[in-house]
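Please open the model in your viewer and keep the sequence panel beside it, because each stop on this tour begins with a selection. What follows goes from one selection to the next and says what is to be found at each.

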Amino acid sequence: MTLLGIAKELELNPNIEKGDLIQVQMPIGLPPKHFAELYDKYETFFRGTGEMLQFNYKKKEYHVIITDVMAFPQDYAAIMLQHREIRSYPKVVGVDIGGFTTDYLMFRSGIEDMEICDSMETGIISLYNRITARMRADYDVLLEEADIDSIIQGKKRIL
């Protein structure tokens with residue numbers, strides 16, 4: 001999956017030519033709750049041995065070397081896009097709602113406070129599964145993901 005992500009980024013660059021050796025600096029996101037215990041292991045794993053990686057994507061050959069890996073708490077990157085604005089606030093909470101987890105991280109005047117963070121086992125997929133199970137149990141109705149999306153978005157629906 002990592003090589004797929006790298007290839008998708010590289011295909012956006014029109015200056016890459018066949019045979020180019022591409023040096024990649026790779027930021028990675030980790031759940032804030034586990035960041036302190038995992039970041040070194042993940043950086044080491046993704047950095048690998050420093051050897052050239054050769055792979056194909058959409059019939060195009062890529063040659064890459066991962067030169068650096070930097071781990072960040074998952075909410076950090078999104079919040080940093082708004083860094084100028086959030087540093088003027090005494091407290092801001094970044095929330096990352098994923099498929100199976102919801103992560104949050106507190107920022108104080110734009111600086112992350114790793115004491116106020118968590119990774120909870122609730123995400124969008126979990127929410128949809130609970131809604132589907134409840135509707136089936138209470139109303140004998142089998143909802144599909146598209147039905148739930150439609151309800152959440154306030155679109156017309158027939159149930």
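## Starting in the sheet

Begin by selecting β5 and β6, two strands that run antiparallel and are joined by 7 bridges. The model is a predicted one, and every stop below should be read with that in mind. Within this pair, show the side chain of Met106, which stands opposite Asp113 in β6. Then move to the turn of the hairpin formed by β5 and β6, where 2 residues lie between the strands and Ser109 takes a positive phi near 50°.

Next, add β4 to the selection and look at its pairing with strand β5 (residues 102-108), to which β4 is joined by 6 bridges in an antiparallel arrangement. Two pairs are useful for finding the register: Gly94 has Leu105 as its bridge partner in β5, and Asp96 is partnered in β5 by Asp103. These two strands, β4 and β5, also form a hairpin, here with 4 residues between them.

With the three strands displayed together, which order do they take in the sheet? The order is β4-β5-β6, in an open sheet of 3 strands with antiparallel pairing. The edges are occupied by β4 (92-97) and β6 (111-120), each of which has a single partner strand, so one side of each is left without a neighbour in the sheet. If you look along the sheet, the twist from one strand to the next averages 15°. Colouring by accessibility is helpful at this point, since 5 of the 7 residues of β5 are buried and the strand is therefore largely enclosed by the rest of the structure.

## The hairpin of β2 and β3

Now select strand β2 (residues 53-57) together with strand β3 (residues 60-73); the two run antiparallel and are joined by 5 bridges. To fix the register, select Leu53, whose bridge partner in β3 is Val64.

Follow the chain into the loop between β2 and β3, where Lys58 is placed. The hairpin has 2 residues between its strands, and Lys58 has a positive phi of about 50° although this residue is not a glycine. Is Lys58 buried or exposed? With a relative accessibility of 61%, Lys58 counts as exposed.

## The N-terminal segment and helix α1

Go back to the beginning of the chain and select Met1, which lies in the segment before α1. Met1 counts as exposed, at 83% relative accessibility. A distance drawn from C-alpha to C-alpha between Met1 and Leu30 comes to 16 Å, for two residues that are 29 residues apart in sequence.

Then select helix α1 (residues 2-10) and show Ile6, Ala7 and Leu10, which are buried. Why do they lie on the same side of α1? The three cover an arc of only 100° around the axis, which puts them on the same side of the helix. To see what covers the buried residues of α1, display the surrounding elements, including β1 (21-30), β2 and β3.

## Where α5 meets α6

For the last stop, select helix α5 (residues 124-139) and helix α6 (residues 145-152), whose axes are 11 Å apart and which pack at an angle of about 100°. That angle makes α5 roughly perpendicular to α6. In the contact between them, Tyr128, Ile131 and Thr132 in α5 meet Glu145, Ile148, Asp149 and Ile152 in α6. By class, the residues of this contact divide into 4 nonpolar, 1 polar and 2 charged.

Centre the view on Thr132, which is found in helix α5. Thr132 has a relative accessible area of 14% and is buried. Leaving aside residues up to four places away in sequence, Thr132 touches Val141, Leu142, Leu143 and Ile148.

Finish in the loop between α5 and α6 by selecting Asp140, which has its place there. The phi of Asp140 is near 55°, a positive value in a residue other than glycine. In contrast to the buried Thr132, Asp140 is exposed, with a relative accessible area of 70%.

Definitions and conventions
Residues are numbered from 1 along each chain as its sequence is written. This is a predicted model: local features need pLDDT of at least 70, side-chain atom pairs count only at pLDDT 80 or more; totals for chains, interfaces and linings use all residues. Side-chain values use heavy atoms; hydrogens and water are left out. Axes are lines fitted to C-alpha atoms, for helices over the stretch in contact, and angles run from 0 to 180 degrees between N-to-C directions. Angles under 35 degrees count as roughly parallel, over 145 as roughly antiparallel, 65 to 115 as roughly perpendicular and the rest as oblique. Contact means heavy atoms within 4.5 Å. Ala, Val, Leu, Ile, Met, Phe, Trp, Tyr, Cys and Pro count as nonpolar, Asp, Glu, Lys and Arg as charged, and the others, Gly among them, as polar. Two strands pair if DSSP finds at least two bridges between them. Buried means under 20% relative accessible area, exposed over 50%, partly exposed in between (1.4 Å probe, protein chains only). The arc is that of the directions from the helix axis to the C-beta atoms.
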